[in-house]
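Okay, thanks for making room for me today. Have a look at this one while I talk.

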Amino acid sequence: MLSKKMHRTQTRIGLLLLAAILIIVYPLSTMQMTLKWDAIDISLPWRYFVCDAFRNGVWPFWNPFQMHGFAQGTDPQTWYPIAALIGLVRGYDVICLNVEYLLHLIIAAIGFIRLSRYLKMETEVSSVVALCFCLSGFFVGNAQHLGWIIAGAWIPHLIASYGHFLTEQRWRQGLSTAIYAFMLSSGGYLAFTVIVGYFLVAWTIIHFLTIKKKGSFLLASLRLSILLLLSSGIILVSAEDLYHMLSRAQGLGSEGVLMGSSRMNHLLSLVYPAATIHETAAFWQADQSLINHYLSIPGLTFLLTSLYWIRSNQLVQRLWALMTLALILSWGEQLPVRAWLNALPGFDLFRFPSLFRYFAILSGGLLAAFSLQRIVKERGHQQWLRVLLVLSLICFGVGLFTARSGLGWNGLTSAFFTQSLAALAFLLSLYLTSILTTSTKRRLRLFGMLVVVDLFVFLQLNGPTSVYSEDTLDQVQEAMSALPRGYPHPPLGDPLISNADRTLQQSVLYRNTNTLYKRIGWDGYSPYQYQGFNQMEESNSYRTVLMCGPLIFAPLQQAAAGGEYFPAKPMLESTLSQLQITEFDPNTINLVTTTQHPQLLAYNQNWHPRWHAYVDGEPAHMHKAEHNLPAIHLPPGRHLVRFEFEPGILLNALCISLVIVSISLLLLLVSSPWRWPILGGTAILLVLMYIGRSNSHSLSDLNSMESSVILNEYDEAPPGQYLYRDRFLDRLDLDRLAQYQSNHPHAALVGEWPSTIETLLSDARVDSLVLSRCNFSAIALNWNGSLQHLSFDQSSNLFQDLTGQTYSATFAKQLSLAEEEIALTVSLRSRHARTAKLIISIESEGNEPNWTSFPLSDKEAVTPHWVSHTFVKDFEDGQKPRVKIYVWNPNGETLHVDDFIIRLQKK
């Protein structure tokens with residue numbers, strides 16, 4: 001047991017580390033900024049969904065809102081305890097995201113100290129390098145990858161606990177090993193679990209071969225194995241489910257696993273980390289989040305000094321070997337070693353060889369802690385000074401070369417030059433500290449202060465690119481305050497939407513919006529795709545499925561494809577009197593159906609064996625429709641139907657895991673010497689969450705304004721006076737507008753609809769689509785290739801939206817009557833696109849296509865305001881052509897087009 005003095009020392013060090021981390025990463029700890037990229041696009045929506053489900057009294061077993069539905073409960077990160085507990089305090093939002101990131105930096109620092117102490121290093125010494133480790137290039141460069149951060153935080157704890165278990169074989173070490181294994185596998189990226197698992201197995205085998213009391217060790221290992229199985233039951237059940245359902249479970253192949261490799265020149269980031277955020281494609285040849293190896297200038301010098309003990313110290317030899325192996329594996333594209341590991345089960349399931357650099361940084365940090373311990377005790381003093389001298393000469397040479405070279409003063413060369421000067425300054429400070437200070441404690445404190453300053457500068461240089469989002473926390477919070485409450489019933493006439501649909505989006509939330517806005521969608525930003533979904537996606541009926549609503553009511557036909565599934569051709573004439581949703585949440589949908597004939601009723605979600613259906617309270621046999629949809633055969637009459645996702649063994653495994661983990665956590669917390677830093681850190685982070693709550697604000701109440709209008713985001717308006725929304729101009733968007741208004745009665749949109757739109761929506765003869773400023777809401781009737789270039793002329797016929805992106809947006813329809821004419825109304829604005837034209841192509845069998853063009857702007861059109869144009873084209877008697885309509889903008893200049901209305905009507 002540790003003495004009271006040691007307990008006080010560890011408490012003091014833990015609180016000092018917490019304070020240093022909060023100061024260095026102050027834009028996050030003060031809730032000014034939030035994380036960026038994948039943290040906002042993936043982690044935030046998924047955690048929001050999980051915690052929101054808990055707060056609504058629903059288990060998050062099924063997510064109907066992305067990738068055509070996904071068994072969210074089989075994703076291990078769904079059950080990560082820390083994320084769930086944080087989200088339950090207030091509902092998961094960007095403040096929780098910040099708190100979770102900061103908390104894992106603290107966990108990583110404490111874990112590094114625990115691992116160092118296991119390797120016989122002093123707490124005070126290892127705490128200095130622990131700060132370098134938890135704010136290294138891995139934790140800063142990969143801040144967006146929350147699963148990587150979580151894994152990196154728990155791995156040192158797991159290794160230290162398992163090391164103690166191997167030597168002591170006590171219950172306490174077994175409990176802590178099981179807890180940390182659960183934390184790693186439930187919260188971390190899969191690759192880290194696989195790698196650490198193989199490392200621990202190899203370590204166990206080596207240890208078993210070297211010990212004498214093999215019987216007692218086998219018995220202790222059996223107890224630990226049972227504990228691991230019980231605590232990780234939910235992980236094992238989830239993995240089994242995913243393996244049989246996911247297309248990715250078949251493996252990525254030798255090329256796929258090498259995507260996201262580090263390169264040898266990335267070692268320059270050990271001295272020049274700010275250079276990694278410049279000219280990524282040209283010089284680094286990798287995404288900037290995969291490059292950074294920084295361990296601070298003091299950390300690097302401590303690491304290199306360890307070379308002086310490599311011949312005499314076995315620990316130094318092993319750590320250098322591990323660090324070298326990790327670097328070799330991270331260079332997947334340049335060396336074949338990573339591809340060789342595909343022979344081992346599990347290694348073909350993940351990409352990004354760069355993640356191996358984490359283990360290089362961990363090994364390098366331990367080497368640095370070993371050297372620092374020798375240095376502060378006056379041993380290795382001369383070796384330390386020689387390393388400082390050599391690094392100083394290198395930095396001076398690089399700075400001189402970049403200043404005098406003819407490479408030009410671009411971002412990369414200037415970054416090398418400025419960081420050469422910064423490195424020189426830190427090396428000089430280290431040199432003076434080392435020779436002018438004789439007191440061991442004072443020297444260690446000065447080293448610690450230099451590390452804090454070094455990392456603070458590092459975060460200011462790299463943070464805006466790799467950590468902090470361009471949008472402030474208040475902006476993202478405001479967007480999240482507009483999200484729907486509860487689970488609104490999905491409109492029956494609303495097709496499955498795309499993640500790219502911006503109808504209800506705020507600009508700062510632009511990925512996985514299906515999940516955030518609780519709208520059933522067919523895509524998303526996710527690594528999980530079911531095999532059945534991929535098969536359906538390749539089928540001819542896929543577009544038909546996407547155009548249907550959440551439920552498909554179809555005539556009962558013979559099974560197709562050898563009886564594997566039933567076709568689901570929707571009854572377009574079905575009304576609310578035949579089909580009505582009465583209850584909806586992620587796991588269930590209840591409805592009332594009325595039919596005069598036997599029907600096929602399909603739930604427009606991915607098939608999963610845990611889907612069950614009930615008709616009038618009795619179980620109904622489940623069938624597959626259209627390759628991959630759960631469906632039932634419905635007899636005539638009025639019926640109460642329920643589709644329900646039943647977790648089965650998944651729920652049992654979850655309950656066992658939660659009980660074991662909760663008891664183990666309680667026992668460990670009571671006896672842990674770090675309990676006060678952990679409790680103190682938790683209290684401080686809870687205060688930050690409360691402050692964030694008071695600083696966040698909701699959307700303005702439009703009803704209290706003097707005047708309100710519907711605006712495009714492109715229009716200018718005084719900040720805070722208008723609610724920015726896309727235009728709601730087609731039938732599908734009107735359903736979503738009604739849904740939005742039902743959830744936000746105090747933020748209703750006010751304004752008159754344009755008369756042409758009202759006429760359009762009430763005219764049954766009109767076959768129309770309104771083109772908004774971004775991608776289509778869904779695959780729509782008569783519109784071909786909405787997300788790809790025109791097949792017959794890819795070089796010029798490109799449609800441009802308000803953001804300047806290009807889409808084909810080609811309207812195509814086979815006319816059935818000769819006495820028809822086509823009328824078009826289009827609103828546009830542009831200062832430059834004077835050659836742009838609207839093209840009507842008439843194609844009939846056996847004849848050459850006939851084109852008619854209408855100029856969209858004249859030579860004097862230099863106004864940025866919207867201008868509406870109307871064009872009419874009629875057809876000769878006897879013609880039954882196929883009509884295509886598109887915008888031709890040969891010069892590719894910015895052309896803003898909206899309100900694209902097409903009417904086909906009799907003369």
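**V457 and its helix**

So, V457 counts as partly exposed, because its relative accessibility is 33%; buried would be under 20% relative accessible area, exposed over 50%, and partly exposed is in between, with a 1.4 Å probe and protein chains only. Quick caveat: this is a predicted model, so local features need pLDDT of at least 70 and side-chain atom pairs 80 or more, while totals for chains, interfaces and linings use all residues. Numbering runs from 1 along each chain as its sequence is written, and side-chain values use heavy atoms, with hydrogens and water left out.

V457 sits in helix α21; helices here are DSSP runs of H or I, at least four residues, and strands are E runs of at least two, numbered from the N terminus.

What does V457 belong to on the surface? Together with I23, Y26, V453, F456 and L461, V457 forms a nonpolar patch of about 470 Å² accessible area. Helix α21, residues 440-466, is the top contributor, with four residues.

Now the packing. Helix α6, residues 123-134, packs against α21 at about 10°, axes 9 Å apart. That makes the pair roughly parallel, the label for angles under 35 degrees. On the α6 side you've got E124, V125, V128, L131 and C132, meeting L444, F447, G448, V451, V452 and L455 in α21; contact means heavy atoms within 4.5 Å.

Zooming out, the protein has 29 helices and 21 strands, and buried residues make up 58% of its 907 residues.

Methods. Patch = residues over 30% accessible without salt bridge, like charges linked within 9 Å, V, L, I, M, F, W, Y side chains within 5 Å. Areas by Shrake-Rupley, 256 points an atom, 1.4 Å probe, with all protein chains shown as cover. Salt bridge = Lys/Arg side-chain N within 4 Å of Asp/Glu carboxyl O. Axes fitted to C-alpha atoms, helices over the stretch in contact; angles between N-to-C directions. Parallel < 35°, antiparallel > 145°, perpendicular 65-115°, else oblique.
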